There are 2 protein chains.
Amino acid sequence: MPTIRDVARLAGVSPATASLALRARPGVRALTRKLVEDVATELRYVPNLTGRRLARGRADALGVIQGLNMTTLFSDAFYRLVLSGVGEAVHASDYSLVIAPALRPGVGVDHLMRFVGPGTVDGVLIVGVLDPEWVLAILERGLTVVVVDNHLPGTKVPAVVHDYRGGARLVTEHLLALGHRRVGLVGADVAYPFGWETQDGYRDALAARGLDCDPALVRLTAIGVDAAAAATHGLLDLPDPPTAVVTVTDMMAIGALRAVRERGLRVPEDLAVAGMDDVEISAHTDPPLTTLRVPKEEMGRLAAERLMALSRGESPVPRIAELSGTLIVRKSCGAAGSDPAPEGRATSLGYA
Amino acid sequence: MPTIRDVARLAGVSPATASLALRARPGVRALTRKLVEDVATELRYVPNLTGRRLARGRADALGVIQGLNMTTLFSDAFYRLVLSGVGEAVHASDYSLVIAPALRPGVGVDHLMRFVGPGTVDGVLIVGVLDPEWVLAILERGLTVVVVDNHLPGTKVPAVVHDYRGGARLVTEHLLALGHRRVGLVGADVAYPFGWETQDGYRDALAARGLDCDPALVRLTAIGVDAAAAATHGLLDLPDPPTAVVTVTDMMAIGALRAVRERGLRVPEDLAVAGMDDVEISAHTDPPLTTLRVPKEEMGRLAAERLMALSRGESPVPRIAELSGTLIVRKSCGAAGSDPAPEGRATSLGYA
DNA sequence: TTGTAAGCGTTATCAC
DNA sequence: GTGATAACGCTTACAA
């Protein structure tokens, strides 16, 4: 592997000059630059990033740490789109993207530093939910941190979040606007903001119509297809069952669809079902899901941009950026809608 | 940021000893080691990976370069599972995973070296199809390369591939075994191995039964839902249309399903449809797809392992590793089957 | 068992 | 404009 000294020697200049020339920096004669460049291509010289990083004291790279509320970043229907946005932004700025292993029992924060420690990356993005102590442990290791799709109340950790409260309200209001008066909630029984924000949004919508919240209609369960199916069965077992239900993720909505099907009932005639997230599969269920489109890629993009800014010493404000979703009306609530354009780059960036 | 010299100084030892102690290497007294470790945790010392990489001359990291036959590695239904397997293997070996930006006009191989050049990674995995010249250009830059899901005939580039020929044959045979005699092929009009291998497999199956291959039943199109739908329409327009069709990807099968639906016909009664790949969505179409399960995660895992072995100087044989898929019988061909376990590790988010 | 010293490949500072 | 030279943080002979 030729080094910059090899290039310099063959070009008859010093390494310093060769370095300047190859990076097209001012302060080197055009002729000299040309000479150096020619030698470099001749030698098939590739600058060694590691050397450069050490010398410059920065990596121009970002790390990604996955939260605990997903099995795998790559396979999770929601987060892989966030990751896609991250990749876009990072590469657009000529930063590298480093993926850390998932935290597991046995893989602690210190182990993580062997992959995304200071020096290798200029900061890390925490995607999803991670115990606050762990986040703080990461900060203590000297890394710049931005959290996506979660925030740590009571801390100063910058975050990019989605307005789940407003989103849940929007979805619930849609059902109410369709005339439903008994709307159930299949919520998430989790101890992080997503859990209570979605419940609050649901209650906001009811309250705005002056409706009472019947506790029997609220079921908190694990986030998953099976648990949501069970919860839906529970709702339909009620003496006075709901005519519509909001599930806080689309995968849970798929569970609800299954429960209805298992009873020989139909969606939306017997039960209207609305989800949240708008993942790939949501347009292909039977019937296609009415849901809230969470701007997943945009969240990833924004978070990456903020992290890069932070690593350059800038301080983006506000500390917490909140994006809002949009209602996607398909067929699972009865108000038929044509399928909208798939989620893509051009999304309105509604700060709340 | 404390360095190893800080740790050494405070522990009253030399950097060399501190280095040995912190890496739990032999040749240092237990007491000394304990002392060094204590100082390190006290100082919150995190070893700087960049320094280590430079000193050791290896990165313990792998890069991933995405091929041209996908939009995004993270969002592609097929390749994200390959990537998932890669991540698993890489992290299991304590290697880092670096994602390179997609090659585009303007992002050439040299630009790529700013992300996954020698020094930063010990080798790169090329996922999917890339022009042979580009692969060679990467090799010329001194990187170790393994290609996944494609191979470069006539070169010595190691690869992990899937037996698409055998797979297409398996799927076609399934249709023939069900009694179909006019089986169409919606193949891929592409100039890389996948294209012709799938065609060969289809013909193999027919030949094994002593059937002629009616050229009118073979349609080569772009890989995509719409093109496949159009091709299927073409087949159904024939005076003597097929009673079954094989599409070489599941996304194309979805196009075929749509075409049948658009004509007011039914699957499988009027046309049996079989796909290949078995992506996430394939179990959720209406009807669920009978398809070939390509071991995507396994391919990624194996490729990563081979690349790591290669980077350590070992030479895995054979140069090309070929994996085979398995037939997944669902309902789109009429031979009802219960849905098999999903690919990969059990996930609580498992689809219904 | 421990310390010294020489690199690894690059960039940045400063003379010239 | 260009060239020495000194870092950057770590590992590893080799010497003690």
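**Stop 1: the surface near DNA strand D**

Select the residues of the surface near DNA strand D and colour them by class: 11 are nonpolar, 9 polar and 5 charged. Keep in mind that this is a predicted model.

Now label the residues that come nearest. Of the 25 around DNA strand D, these are Arg29(A), Thr32(A), Ile4(B), Ser19(B) and Tyr45(B).

Switch to a cartoon view. From chain A, α2 (15–22) and α4 (49–56) each supply at least two residues of this surface. From chain B, α1 (4–11), α2 (15–22) and α4 (49–56) do so too. Which helix gives the most to the surface near DNA strand D? Pick α4(B), with 5 residues.

**Stop 2: polar contacts to strand D**

Show the strand as sticks. Of its atoms within 4 Å of the protein, 74% belong to sugar or phosphate, and the rest to bases.

Go to Arg29(A). One of its backbone N or O atoms lies 2.7 Å from a phosphate oxygen of DNA strand D. Next, select Arg52(B). Here an N or O atom of the side chain is 2.9 Å from a phosphate oxygen of DNA strand D. Then move to Ala55(A) for a base contact. A backbone N or O atom of Ala55(A) sits 3.2 Å from a base oxygen of DNA strand D.

**Stop 3: DNA strand C**

Hide strand D and select what surrounds DNA strand C: 25 residues. The closest are Ile4(A), Ser19(A), Tyr45(A), Ser14(B) and Thr32(B). By class, the surface near DNA strand C holds 11 nonpolar, 9 polar and 5 charged residues.

Which helix provides the largest share of the surface near DNA strand C? Select α4(A), which contributes 5 residues. Helices α1 (4–11), α2 and α4 of chain A, with α2 and α4 of chain B, each supply at least two residues.

Look at the strand atoms within 4 Å of the protein. For DNA strand C, 74% of them are sugar or phosphate atoms, and the rest belong to bases.

Zoom in on Ser19(A). A polar side-chain atom of Ser19(A) is 2.6 Å from a phosphate oxygen of DNA strand C. Arg23(A) also reaches a phosphate oxygen of this strand, with a side-chain N or O atom at 3.4 Å. For a base contact, select Leu54(B). Its backbone N or O atom lies 3.4 Å from a base oxygen of DNA strand C.

**Stop 4: salt bridges**

Turn to the protein itself. The count over all chains comes to 48 salt bridges.

Start with Glu88(B) and Arg301(B), whose closest N and O atoms are 2.7 Å apart. This pair links distant parts of the chain: Glu88(B) is in helix α5 (residues 79–92) and Arg301(B) in helix α12 (residues 296–311), 213 residues apart. Glu88(B) is partly exposed at 25% relative accessibility, and Arg301(B) is partly exposed at 23%.

Then select Glu173(B) and Arg169(B), a salt bridge at 2.7 Å, N to O. Both sit in helix α8 (residues 164–177) of chain B; they are 4 residues apart, so about one helical turn separates them. Glu173(B) is partly exposed at 25%, as is Arg169(B) at 31%.

Move on to Glu314(B) and Arg312(B), which meet at 3.4 Å, N to O. Their relative accessibilities are 42% for Glu314(B) and 39% for Arg312(B). Elsewhere, select Arg44(A), Asp110(B), Glu140(B) and Arg141(B): salt bridges that share partners join them into one network.

**Stop 5: domains of chain A**

Zoom out and colour chain A by its domain assignment: domain 1 (4–47), domain 2 (61–162 + 297–322) and domain 3 (164–295 + 326–351). Finish with a distance between C-alpha centres: domain 1 and domain 3 of chain A are 62 Å apart.

Terms used: Residues are numbered from 1 along each chain as its sequence is written. Chains are lettered from A and ligands numbered from 1 in the order in which they are written. This is a predicted model: local features need pLDDT of at least 70, side-chain atom pairs count only at pLDDT 80 or more; totals for chains, interfaces and linings use all residues. Side-chain values use heavy atoms; hydrogens and water are left out. A residue is near a molecule or strand if one of its heavy atoms lies within 4 Å of it. A polar contact is a pair of N or O atoms within 3.5 Å; within protein, one must be able to donate a hydrogen and the other to accept it, and residues adjacent in sequence count only if both atoms are side-chain atoms. Ala, Val, Leu, Ile, Met, Phe, Trp, Tyr, Cys and Pro count as nonpolar, Asp, Glu, Lys and Arg as charged, and the others, Gly among them, as polar. A salt bridge is a side-chain nitrogen of Lys or Arg within 4 Å of a carboxyl oxygen of Asp or Glu. Buried means under 20% relative accessible area, exposed over 50%, partly exposed in between (1.4 Å probe, protein chains only). Domain bounds come from an automatic or database domain assignment.
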